[in-house]
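Reader: Could you take a close look at the cysteines for me, and set them against the chain around them?

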Amino acid sequence: MDSGVFGGLMVMLCWGVSDFIQSLMIRQLGTAKTMLVRNLFTFAVALLLGVYLITSHQLRFDTNAVLIITGSSAAYVAGYYFYMRGCEVGNLSLVSPIASTYSLVTIFFSIIFLRENLAPVAWVAVSIIFIGIVMTSGNIFQSLRGGSQGFFQAILAIVGFGVAFFILGFSAKTLDVTNAFFYSALTQAVLFTALALSRNGRLEKGDLTRRRGGYFLAHSVLVNAGWVFYIFASKVGELSLVTPISSVYSGVTVLLAIAIYREITTLGQKVGIGTVLVGVFLLSYK
């Protein structure tokens, strides 16, 4: 299997599970507090990695690359805030698959600015994936007419994610995986924390129990592992292939939402999840 495709599949698994874990915390603590705690963990990871890079003399500072990554982080933070708000006020099995179509934005920019080309079978696979995501959304057309709760937040998340992943993938071409991850994690943690505090995301007594701390730790490990895989896959593979595969994390999230939350799903949603997996299979054998 192509290394870029493998990396994309690992991103899909890590982020699919982590998003579900995060939804548990959002429903208990709300968006702002969840954003604050999850990024305190990310900040700790970034600091530890920074110390390692400095002491091992591996830290690289490329002004242009760092500025590009900071821009990517700003777009990602904006997109993720709207995504978390959508998960708070809406149905997870609706918000997650709609937001995951951000790869359409990334593919568009990759073809225009990076001159990347997709083989015919890859075009078919990408089309199948998007059809599957739309089917998984279930009542997307009803959402367009009347607006299901969380739908418009998911649309705003698409734009933020799509721009962020394109910019990050572009910068990953000039930095090694470890340095790109360090700057990405650090800038995201700072921006997320600032946004959370500005939205009154201050913890109160009893908010952070041992059980919730365990959930946040697991979430942090999975999220950051997903970022490492994404940067690696972007470096060795093509963005227009890596990003669509990684965006299928919503299928994992939806399956967990169905199993744990018992969210109502239609036959079309179930077929949509299967369709998405078929598209991923075709992509892996491009």
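Author: Here is the cysteine picture, followed by the fold and the confidence behind it. This is a predicted model, where local features need pLDDT of at least 70 and side-chain atom pairs count only at pLDDT 80 or more, while totals for chains, interfaces and linings use all residues. Residues are numbered from 1 along each chain as its sequence is written, and side-chain values use heavy atoms, with hydrogens and water left out.

On to the cysteines. A disulfide is a covalent bond between the sulfur atoms of two cysteines. The structure holds zero of them, taking a disulfide as a pair of cysteine sulfur atoms within 2.5 Å. C14 is buried, at a relative accessible area of 8%, and C87 is buried too, at 4%. Buried here is under 20% relative accessible area, exposed is over 50%, and partly exposed lies in between (1.4 Å probe, protein chains only).

Now the chain around them. Of its 286 residues, 54% count as buried. The protein chain has 13 helices and zero strands; helices (H or I, at least four residues) and strands (E, at least two) are DSSP runs, numbered from the N terminus. Contacts (heavy atoms within 4.5 Å) reach far along the sequence: among those between residues at least 6 apart, 91% join residues at least 24 apart.

How far to trust it? The average pLDDT, the predictor's confidence in each residue from 0 to 100, is 80 for the protein chain, and 87% of the residues score at least 70. Confidence is highest in helix 2 (residues 31–55), at a mean of 90, and lowest in helix 7 (residues 140–146), at 51.
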